[in-house]
Every structure is written in structure tokens, then in C-alpha cells.
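Student: I would like a close look at one part of this protein. Please take the open sheet and follow what is packed around it.

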Amino acid sequence: MGVFFTELKKSILIGSIVIVAIIVGISSTVFVQENNTDELTRENLENPSGSEKIVVTTTTNVITDLVENIGGENVSVTGLMGPGVDPHLYRPSASDVNKLQNADIVFYNGLDLEGKMGDIFVKIGREGTAVWAVSENIPTESLLSLDNEGHFDPHVWWDVQLWMEAAKVVATGLKEQDPKNSLHYEKNLEEYLTQLEDLNQISLEKINSISKEQRVLVTAHDAFQYFGHTYGFEELAIQGWSTDSEAGIREIQNLSDEISKRKIKALFVETSISPATIEALKAAVQDKGHDVVIGGELFSDAIGEKGTSEGTYVGAFTHNIDTIVQALK
Ligand SMILES: [Zn+2]
């Protein structure tokens with residue numbers, strides 16, 4: 001019996017040592033991983049004046065471009081969604097959540113554009129990260145209502161003047177986070193607002209070459225309501241404001257009737273949505289004897305590849321205007 005108890009005590013002792021060792025091992029692994037993440041996010045993050053850059057995480061690449069314009073050399077921006085990504089359906093990965101949690105500031109669109117991410121923004125905001133919806137300063141009377149329950153169309157960036165409001169929110173957010181560089185952000189904001197004013201003016205002039213009857217934008221989903229509202233286009237879309245629903249055969253039939261009756265010249269494909277529904281609509285219109293064409297590809301919920309001319313908001317907007325004018329004039 002005595003020997004048995006001594007052996008039992010020994011095994012308990014060895015067992016405890018093993019458990020303690022495992023716990024110590026796990027905690028040091030977690031610690032090392034945290035440190036690595038920290039180093040990964042913050043290495044080489046000094047601006048020319050030698051102070052640390054502000055770490056920003058954004059959602060769509062439209063917002064990434066905006067923050068890079070206002071933040072300039074003082075920020076390091078990571079965007080979660082690249083070109084061709086549909087924000088309505090986007091579900092963040094574990095590494096995305098990490099990037100959101102490790103940021104000094106998060107900028108997202110809001111108005112439910114990032115339909116599957118709302119809870120995360122609330123959570124990281126509670127944890128102490130500065131979280132800003134770039135659409136938050138747009139007055140309600142400038143927003144387009146989707147229903148009677150207080151939901152608004154989120155695609156505000158296709159109205160240049162509303163995007164100027166978003167630019168101001170980004171500047172405010174960066175100034176609050178980094179007050180010693182306020183003048184830098186204000187100067188960048190001023191320069192960018194001038195660029196956007198010019199873009200707006202030039203676009204209005206280009207649109208004048210399209211006749212009133214042809215100012216109809218037929219697309220896969222309702223991303224251009226603000227664009228249409230401001231620049232005088234009617235928008236006909238197969239799907240509603242979100243892509244989170246199936247486009248039905250009936251919608252395609254009804255729309256093809258209208259397009260062939262009104263002799264609308266062109267339909268447009270969107271870069272962040274499969275062209276299949278627009279191709280089906282084109283075939284349905286042609287069956288009715290009207291020779292409609294696909295007028296080109298429009299940037300809707302994402303802008304182009306970084307480093308290309310359409311990889312900036314100004315470039316993507318210009319591409320859209322030129323494509324629309326070319327197809328409908
Ligand atoms: Zn959309």
C-alpha cells in the first residue's frame with residue numbers, strides 16, 4: 001500500500017509539473033505571437049520627421065484611397081478589400097479582425113455597406129480603437145432613403161460632393177488621433193477637396209454631350225442612385241441596393257421590355273459583380289429586336305488595381321464618366 005501511495009504521489013507530482021510546463025509554454029507562445037503581430041504591424045512605420053506613423057485599417061479600396069490622400073506620409077493604411085471585392089457580401093477573416101484590432105484608427109463606409117461587419121466595428125470601438133464611418137457627416141437630407149425604416153443607400157462615393165464630406169471626416173479622425181500633425185492633414189484635405197471640385201466640374205461638362213433621353217444607367221445592382229440623382233441619370237438596376245439577393249428572371253424580363261421600348265443604347269457591367277446577369281439582360285433585349293450593347297465596365301463598389309490610373313477614386317470616377325459618355329452619347 002505504502003509503495004502504491006508513494007508511486008501515486010510521484011505521478012501526481014510529475015503530472016502537475018507537466019501541466020505547469022504546458023501552461024507556461026502556452027502563455028509564452030501567446031506572448032511571442034502577440035509581440036510578432038505587433039512588430040509586423042509597426043515595423044518601418046516612421047514618417048520622415050521620425051515619429052511613428054498612424055496605423056489605419058479601412059474596408060473598401062475607395063476608402064483606402066481617400067485615407068492615403070488625406071493622411072499622406074503620416075499614415076500606414078491597410079485596406080481589407082481589394083479591387084473587384086463586393087462589400088455587401090464580404091465576411092472578414094481572422095486576420096482581418098486582427099488588422100482591425102491592431103489599428104490606431106478604423107475607417108469604414110457605414111450605412112450598412114459592409115453588411116456582414118457591423119458587429120465587429122461596435123466590438124473594436126468598445127475595446128478602445130477609434131472607429132469612424134466616413135459617411136457620418138453627410139446630412140440626412142442629402143441621403144437617399146431605401147425604405148421607411150431609416151435605411152439609406154450606402155453608395156455615397158459616386159456623388160463627388162458627398163465624398164468631399166467623407167474626406168472631411170477622415171481629416172477630423174486623423175487630427176484627433178495625431179493632433180501634432182493637424183496642419184499636415186488640413187493641408188492635404190484642402191488640396192484633395194480642390195481636386196474633387198475640379199473632377200466634379202469636368203464630369204458635369206462631359207455629361208452634357210449625352211441627350212436627356214439617353215441618360216439612363218442600366219447596371220446589375222443599384223450602386224449609382226447618388227450618381228444619377230446628382231448628374232441627371234435615371235438608374236435601372238436588375239438587383240436592389242445590395243447584392244445580397246438573387247436576381248430573378250422576372251426582373252430581367254421587365255427590364256428588357258423597358259430597355260427595348262425606350263431604345264436605350266447600352267448596358268453596363270460592374271467590376272465587383274459577375275457579368276452574368278447583365279449578359280442575360282442583353283440577350284433578353286436582343287430577343288425583342290433591339291440591338292443593345294454592353295457599354296463597358298463601371299467601377300461600382302470597388303475602384304481599380306493600385307498603381308493603375310483607375311486605382312484612385314479620381315481615376316475610377318473619370319473612367320466611369322468616360323465609359324458612360326462614350327456608350328450613350
Ligand atoms: Zn453596392
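Student: In what order do the 4 strands of the open sheet come?

Tutor: The order is β2-β1-β3-β4, and the pairing in this open sheet of 4 strands is parallel. Helices and strands here are DSSP runs numbered from the N terminus, helices being H or I with at least four residues and strands E with at least two. Two strands pair if DSSP finds at least two bridges between them. Before going further, note that this is a predicted model: local features need pLDDT of at least 70 and side-chain atom pairs count only at pLDDT 80 or more, while totals for chains, interfaces and linings use all residues. Residues are numbered from 1 along each chain as its sequence is written.

The edge strands of the sheet are β2 (75-79) and β4 (130-133), and each of them pairs on one side only. From one strand to the next, the twist averages 20 degrees.

Now the inner pairings. Strand β1 (residues 54-58) is joined to strand β3 (residues 105-108) by 3 bridges, and the two run parallel. In this pairing, V56 of β1 stands opposite I105 in β3. On the other side, β3 and β4 run parallel and are joined by 4 bridges. I105 has a bridge partner here too, A130 in β4. You can therefore follow one path across the sheet through I105, with V56 opposite and A130 as bridge partner, keeping in mind that in a regular strand the side chains alternate between the two faces of the sheet.

The link from β3 to β4 runs over a helix: β3, α4 and β4 make a right-handed β-α-β unit. Right-handed means that, with the strands pointing away from the viewer, the path from the first strand over the helix to the second runs clockwise. The loop between β3 and α4 (118-126) holds L113. L113 is buried, because 26 other C-beta atoms lie within 10 Å. (Buried means 20 or more other C-beta atoms within 10 Å of the residue's own, exposed means 12 or fewer, and partly exposed is in between, with C-beta atoms placed from the backbone.) Not counting residues up to four places away in sequence, L113 touches P87 and P154; contact means C-beta atoms, placed from the backbone, within 7 Å. L113 and P154 are 41 residues apart in sequence, yet their C-alpha atoms are 5.5 Å apart in space.

Next comes a helix that packs against the sheet strands. Helix α2 (residues 61-71) is mostly covered, with 11 of its 11 residues buried. Among these buried residues are V62, I63, L66 and V67, but also D65 and E68. The cover over the buried residues of α2 includes β1, β2 and β3 from the sheet, together with α5 (160-177), α6 (182-207) and α10 (313-328). Just after α2, G72 takes a positive phi of about 55 degrees.

Look at α2 and α5 together. Their axes come within 10 Å and cross at roughly 55 degrees. Axes are lines fitted to C-alpha atoms, for helices over the stretch in contact, and angles run from 0 to 180 degrees between N-to-C directions. That angle is why α2 and α5 are oblique to each other: under 35 degrees counts as roughly parallel, over 145 as roughly antiparallel, 65 to 115 as roughly perpendicular, and the rest as oblique. At the meeting point, L66, V67, I70 and G71 of α2 face A166, A167, V170, A171 and L174 of α5. The spacing of such residues fits a general rule: an α-helix has 3.6 residues a turn, so residues three or four places apart point the same way.

Helix α6 is part of that cover over α2, and L193 sits in α6. L193 counts as partly exposed because it has 16 C-beta neighbours inside 10 Å. Leaving aside neighbours within four places in sequence, L193 is in contact with M164 and A167. A167 is also one of the α5 residues that meet α2. The C-alpha atoms of L193 and W163 are separated by 9.3 Å, with their positions 30 residues apart along the chain.

To place this part in the whole, the protein has 10 helices and 8 strands. Of its 329 residues, 39% count as buried.

Notes. Two residues are in contact if their C-beta atoms, placed from the backbone, lie within 7 Å.
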